[in-house]
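Please open the model in your viewer, show it as a cartoon, and keep the selection panel at hand. The tour below proceeds from one selection to the next.

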Amino acid sequence: MRIQRLLRPAGRSGRRPLRACGALLAAGLLATACSSGNPRTAPVADAAPAALPEATPSNLARYYGQRLSWHSCDVPGFECATMKAPLDYAEPGAGDIDLAVARKKATEPSKRLGSLLVNPGGPGGSAIGYLQSYAGIGYPAEVRARYDMVAVDPRGVAGSEPVECLDGRRMDAYTQTDTTPDDERETEALVEAFRDFADSCARRSARLLGHVSTVEAARDMDVLRAALGDRRLTYVGASYGTFLGATYAGLYPRRVGRLVLDGAMDPSLSARRMNEDQTAGFETAFRSFAKDCVRHSDCPLGGRRASPERVGGNLKAFFRRLDASPLATDDPDGRELGEALATTGVIAAMYDESAWPRLREALASALREQDGSGLLRLSDSYYERDAEGGYANLMFANAAVNCLDLPAAFSSPDEVRKGLPAFEKASPVFGRGLAWASLNCAYWPVKASGAPRRIKAAGAAPILVVGTTRDPATPYAWARSLAAQLGSATLLTYDGDGHTAYGRGSDCVDSTVDRYLLQGRIPAKDKRCT
């Protein structure tokens with residue numbers, strides 16, 4: 001599944017604008033592919049693939065020995081470069097892939113500790129966009145003083161030979177596809193949408209689709225480490241970026257420097273189990289929203305005494321009405337607000353509690369004034385759709401990476417129908433739609449090359465894993481599991497709402513992470529912050 005994303009923070013206060021930097025949820029870009037047996041109970045390998053040799057293979061020497069040619073970026077204060085990596089690490093002579101890299105140099109070079117690589121999640125989020133819009137200017141001044149802040153767009157993402165699929169008009173239609181089919185005709189329409197999406201990716205990005213896995217992206221990070229002249233990798237990864245960082249640690253444990261894995265994923269889970277866990281995570285987040293909503297006089301889903309169950313029932317009834325009769329919006333392209341887009345809009349606001357007032361306002365406009373514009377804008381921000389009707393590469397890369405990384409949650413509509421009770425139990429509000437959305441990689445043109453695996457990273461330096469107790473996209477249990485798997489990890493817990501913890505306003509979390517990055521000091525076991 002892996003449908004994580006990180007919202008770009010506005011600054012050190014932790015209040016973030018609703019701007020996607022990660023992955024899609026409600027329209028079906030979830031990681032699935034064909035598999036047999038029961039994916040929920042399928043056995044998991046004891047460990048990830050063995051660590052790679054510490055000596056650089058001769059056939060990769062030209063990549064590890066390259067020097068980056070830095071030049072000014074379009075964004076003042078940043079430098080950009082292009083790094084070459086083999087398209088296929090198994091056959092380095094078969095061709096290269098060009099990867100976009102950016103950095104902002106340490107403000108106190110005499111005290112420089114090295115490079116700090118950042119990744120905001122996704123898969124599909126632009127690391128360079130995150131660096132230039134937040135990390136390079138919004139990370140603590142002490143961190144930016146001691147580190148060159150660096151980002152590489154992973155292969156297939158944004159500036160690094162992006163995966164391309166549907167054009168804007170067809171993507172509009174795709175995002176409006178009904179993901180709660182009521183009959184065979186609607187089921188066939190959903191399957192056809194998934195097939196069309198996959199076919200378009202195959203036509204436009206055939207060269208890339210077999211080579212955008214997380215393992216390959218982690219190997220690219222090691223090439224970048226060498227090109228930057230760093231002996232070890234120092235890294236802050238959020239959401240899916242934690243899976244990327246953990247994968248790096250498993251492949252190169254002796255090259256691990258200071259790794260922060262915030263909003264952690266559990267690499268030992270199947271796609272089916274991830275989907276169910278994440279569905280439950282969004283239900284937990286929605287219940288927190290519901291409790292907050294009814295404390296406000298403008299809550300359109302219930303009064304002060306309404307229970308979260310009642311609020312959820314009212315929202316579900318609203319979705320059902322939209323399924324039958326979409327609402328008008330102020331969209332210049334004439335799009336209406338149907339159930340699929342409304343669900344995406346609601347889910348978008350679950351990532352950060354600072355978006356809850358905006359969601360209340362959007363729901364009030366829809367329910368009381370029959371105006372779907374507010375929810376449509378929330379959905380558009382999630383999909384990274386611009387005012388001209390174009391879409392960022394996020395959604396396409398998200399599907400390409402997820403479908404390559406894990407075998408499927410479901411491989412047919414019949415399997416989805418059998419799984420519906422578990423999903424609807426996990427979330428009465430979102431479960432049915434998220435179950436059907438988990439079907440898309442069943443039709444992917446490239447077979448999955450990855451599998452659920454535990455990552456131990458034996459011999460790695462101390463790693464800091466951060467988990468948020470009511471995180472909707474990366475449930476807290478995943479952070480506990482990853483910290484237990486990694487042999488050198490310590491878990492830092494943030495007792496709060498929203499996705500990820502660093503930079504969200506907790507002085508306890510921020511000071512702990514900063515101390516680790518600057519001094520290498522790991523917190524006491526089971527440290528908990530609010």
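Begin by selecting strand β2 (residues 79–86) together with β3, which run antiparallel and are joined by eight bridges; bear in mind throughout that this is a predicted model. Within this pair, look for proline 86, whose bridge partner in β3 is aspartate 96. Now keep β3 (residues 96–104) alone and colour it by accessibility: seven of its nine residues are buried, and the strand is mostly covered. Adding strand β5 (residues 147–152) brings in another antiparallel partner of β3, paired with it over four bridges; here alanine 102 stands opposite alanine 151 of β5.

Next, widen the selection to the sheet. Which strands does it contain, and in what order? The sheet is open and is formed by ten strands in the order β1-β2-β3-β5-β4-β6-β7-β8-β9-β10, with mixed pairing. At its edges lie β1 (71–72) and β10 (527–529), each of which pairs on one side only.

Move along the sheet to strand β6 (residues 233–238) and strand β7 (residues 256–262), which pair in the parallel sense over five bridges; tyrosine 235 is found opposite leucine 259 of β7. With these strands still displayed, add helix α7 (residues 240–251), which packs on the sheet and touches β4 (114–119), β6, β7 and β8 (463–470), its direction making about 150° with that of β6. Then add helix α17 (residues 507–519), which also packs on the sheet, touching β4, β5, β6, β7, β8, β9 (489–497) and β10, and whose direction makes about 165° with that of β7.

Hide the helices for a moment and centre the view on β8. This strand is largely enclosed by the rest of the structure, because six of its eight residues are buried. It pairs with β7 in the parallel sense over four bridges, and with β9, again in the parallel sense, over seven bridges. Valine 465 is a convenient residue to label here: valine 465 in β8 is the bridge partner of leucine 261, and leucine 491 in β9 is the bridge partner of valine 465.

Leave the sheet now and select helix α4 (residues 168–175) with helix α5 (residues 184–205), whose axes come within 10 Å and cross at roughly 150°. Angles over 145 degrees count as roughly antiparallel, and α4 is therefore roughly antiparallel to α5. The crossing in which α4 passes α5 is left-handed. To see the contact itself, show the side chains of Arg170, Met171 and Tyr174 in α4, which meet Ala193, Phe194, Asp196, Phe197, Ser200 and Arg203 in α5. The residues of this contact comprise five nonpolar, one polar and three charged.

Stay with helix α5 and select serine 205, which lies in it. Is serine 205 buried or exposed? Its relative accessible area is 4%, so serine 205 counts as buried. If neighbours within four places in sequence are left aside, the contacts of serine 205 are with Pro162, Val163 and Glu164.

For another helix pair, select helix α10 (residues 339–349) and helix α11 (residues 356–369), whose axes come within 9 Å and cross at roughly 155°. The two are therefore roughly antiparallel to each other, and their crossing is left-handed. Gly345, Val346 and Ala349 in α10 meet Trp356, Leu359 and Leu363 in α11; the residues of this contact divide into five nonpolar, one polar and no charged.

The last stops concern backbone geometry. Most residues other than glycine have a negative phi, and most peptide bonds are trans. Select glycine 122 and proline 123, which are joined by a cis peptide bond with omega about 0°; proline 123 lies in the loop between β4 and α2 (127–138). Then go to threonine 500, in the loop between β9 and α17, where phi is near 75°, a positive value in a residue other than glycine. Threonine 500 is buried, with a relative accessible area of 1%. Finish at aspartate 526, in the loop between α17 and β10, where phi is near 65° and thus positive in a residue other than glycine. Aspartate 526 is exposed, with a relative accessible area of 57%.

Terms used
Residues are numbered from 1 along each chain as its sequence is written. This is a predicted model: local features need pLDDT of at least 70, side-chain atom pairs count only at pLDDT 80 or more; totals for chains, interfaces and linings use all residues. Side-chain values use heavy atoms; hydrogens and water are left out. Axes are lines fitted to C-alpha atoms, for helices over the stretch in contact, and angles run from 0 to 180 degrees between N-to-C directions. Angles under 35 degrees count as roughly parallel, over 145 as roughly antiparallel, 65 to 115 as roughly perpendicular and the rest as oblique. A crossing is left-handed if the near helix is turned anticlockwise from the far one by less than a right angle, and right-handed if clockwise. Contact means heavy atoms within 4.5 Å. Ala, Val, Leu, Ile, Met, Phe, Trp, Tyr, Cys and Pro count as nonpolar, Asp, Glu, Lys and Arg as charged, and the others, Gly among them, as polar. Buried means under 20% relative accessible area, exposed over 50%, partly exposed in between (1.4 Å probe, protein chains only). Two strands pair if DSSP finds at least two bridges between them.
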